[in-house]
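Me: I have a structure to read and I am new to it. Can you take me through it feature by feature?

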Amino acid sequence: MADDMIDLVVTSAPHVRKKIATSTIMRDVLIALIPATIGGLYFFGARHTLGVIVVAILSAFLAEYLGNLMFRKKSTLWDLSSGVTGLLLALVLPPSSPYWMVVVGAFSAILLGKIIFGGIGSNPFNPALVGRAVLMVSWPALMTTWVKPFYWKISSRSVDAVTSATPLNVIKLSGYANLISAFGSKGALYKALFLGNVGGSIGETSALLILIGGLYLLARKVIDWRIPVSYIMTVFVLSFVFGRDPIFSILAGGLFLGAFFMATDYSSSPVTPNGKIVFGIFIGFVTVLIRQFGAYPEGVMFSIILGNAFVPYFDKIKPHVYGVLLKKGGKA
Amino acid sequence: MKLFTYSPGGTEIEEEKWTKDKPYVKLPSPSIAVIPLSQHTGAPNTPTVKVGDHVKIGTLIGSTSAPVSAPVHASISGDVIAIEDRLCPAGNKIQSIIIKNDFKEESVEFKHVDSIDNLNSEELLKKIKDAGIVGLGGAAFPTSIKLSPPKGKIIDTVIANGAECEAYLTTDYRVMIEFHEEIIKGILIELKILNAKRGIIAIENNKIDAADLLAKKIIEKNLQDKIEVVLLKTKYPQGGEKQLIKAVLGREVPSGGLPLDVGVVVQNVGTLKAISEAVFEGRPLIERGITVSGSAINNPGNYIVRIGTQVNEIIDKVGGLNKKLRKLVFGGPMTGVAQSSIEVPVLKGTSGILFFGEEAIEMAPEEESPCIRCASCVDACPIGLLPVLIDHAYRRNDMKLAESLNAVDCIECGVCSYVCPAKRHLTENIKKAKQSILKQRKIEAAKQAAFEKLKAQKMKEKEEKEAKNG
């Protein structure tokens, strides 16, 4: 046998790997966000909204590139995770956000939220939410200016016709009864919330479109059911306890987007199965507490960021290890 | 039919069982046989022949009086030309008997028996021990020891392991199709030795024809009340003893314990065939079935080869390589060992040999990307470990943390590395963490023993002093 036919490499088992990469997962997340993104463009008009989305994504990639340069790291653009962060950030911004603010948000998300902790996989907090939090505390007025859905169809562009409040805002200011009467009936309110025909951030208003993306991620096994289910259930039950309408409470605000796309961010959520459930319950509690007692009408962002901080503790809730509880004394 | 499986963990792997429909073909005996004196877990044998001796097929060439061991026999007839250390598939060098074939195929006379009715447990066990039988699934634990549980341990069930969950390998499947009689006989022998009530043949549902065949034979022989066939949902690593016991019986082997702690003996179907041949035909373990597969070898298939046949002879005898050989794996792709040379022999525990070309490099890339904490490894671990966190602990050299995360309970099935999207070397690092922890434990135990000894000595001195003073 000719020696040039043999050139053996020796590696440790396993000698075969599943055909999946980080970029495959991120691509799936981007696909899952398509319905909510299209919904945002439809409700709030493509003219400015599309700009917000494109600026957010491009700034995120640019920030990642500069961050890699700064820390002399190998390029991580290929993994598409900055694209996910950029898009998610855009979806949680008001449709009327000025582009310069979007750029600041995207740079904060990538550089402060991710790169300084070591890049992908090392960020303790959800980067998109870090970006949004920075904007929220820096330009609170711009971050709470909302436009009415389909404002772009309205011919008279008076301030009254354009500005609106989110349903959670209305409740905080004037109570639930006023909100229902504004929509005509409870059913009409639910329908508007489910379809997304209400004021709010670009991609957060339609529970239906987010759910479609969420179910896609569940079906593709990109995310685990534990966090979204325990989070949404907790908000449902606790809202009921506080005398709030539980159905309204889960459909309103950023809960669905937060539950399926933000709280499930890998590096800022627990890896253990039971840790995920406790994490979901924890952020559910904080969300409802902020909505009920806090100065802000919505609590999804801060509750997830707070929950992120406790992830190392949630990860201490270990699964059952085969045969270990049956361990006999003294046996190693 | 109900499908059994274990949970949590496990994954589907691409099967690539190309050789499923290739019946066993006997390869001609090799010109040289390299027979290591230790092919099992336990004490090594010492040679019972010397250089220049003539041996026949079946001649005892190595044995020991140590209890946990299995003797080795000549697999070809010819002359012993050397007794020296040779490279073995595990990567270490082992003292081996090298026999040059005279191609006369002379054999020692094997003693047949027609029935086991007149043989008691001890006699059956002796036949199995003398035949040098070890577990053929890969672990190569001496079978006679497995079948001799310590006093007080009652075995109620024998599970015949026909799961064969590794990709490429079809060794066990072919045994089940072609040697079903021997498997059933093997189970009956084990039930008699262990005085156990029931035998269960566990087969994954991607081999449903083998399950049907065995079930039919059991009914034909009217053995339904003794042996049953159980169908498992195809999932890796179901063929691991611990997973199999959980899947079939719902029992968990205690950490650090053995299947016999929960009243079970698990035996690979190939081993059962060998047991049957040892008892009824008096044949020692001198040949075995292996799967030869992979993209780089011509005529992939299932072959019966003599123990001690080296890979280079196997390549020539099956039809040669069809492209440059880049990776040679003994065993399956998930747990097998990559070889550094083609001059390694087939051992009793070799279930398959895989030949890969250039694509092997891409199949298991060296380069890692950052861990994204997706928890795929956590979901896939059949033991319930947190591979991602053990790996982090290992990389920080925090063995205390790795130990508290139960790293030593890892069964090294490879599933965590397999599912990892970042291609992290999880299994490899957990293995290393495990070795480091076990080594540390040994050191601690030795220290403790030394301390106890010193303490006892001091106490004695003190007592003597007091006695003198008193």
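Me: How do I judge the overall form of chain A from its radius of gyration?
Reply: Take the radius over C-alpha atoms and set it beside the globule rule, 2.2 Å times the number of residues to the power 0.38. For 332 residues a compact globule would have a radius near 20 Å, and chain A has 22 Å, so the two agree. Its C-alpha trace spans about 85 × 50 × 35 Å along the principal axes.

Me: What kind of model is this?
Reply: It is predicted; local features need pLDDT of at least 70, side-chain atom pairs count only at pLDDT 80 or more, and totals for chains, interfaces and linings use all residues. Residues are numbered from 1 along each chain as its sequence is written, while chains are lettered from A and ligands numbered from 1 in the order written.

Me: What confidence does the predictor give?
Reply: pLDDT is its confidence in each residue, from 0 to 100. Chain B averages 92, and 100% of its residues score at least 70. The complex has an ipTM of 0.89 and a pTM of 0.90.

Me: How many helices and strands does chain A have?
Reply: Both are DSSP runs, numbered from the N terminus: helices are H or I with at least four residues, strands E with at least two. Chain A has 17 helices and two strands.

Me: How many residues take part in the contact between the chains?
Reply: Two residues touch if their C-beta atoms, placed from the backbone, lie within 7 Å. Chain B gives 58 residues and chain A 41. Among the chain B elements giving two or more are helix H8 (311–318) and helix H14 (426–469).

How values were computed. pLDDT = per-residue confidence, 0-100.
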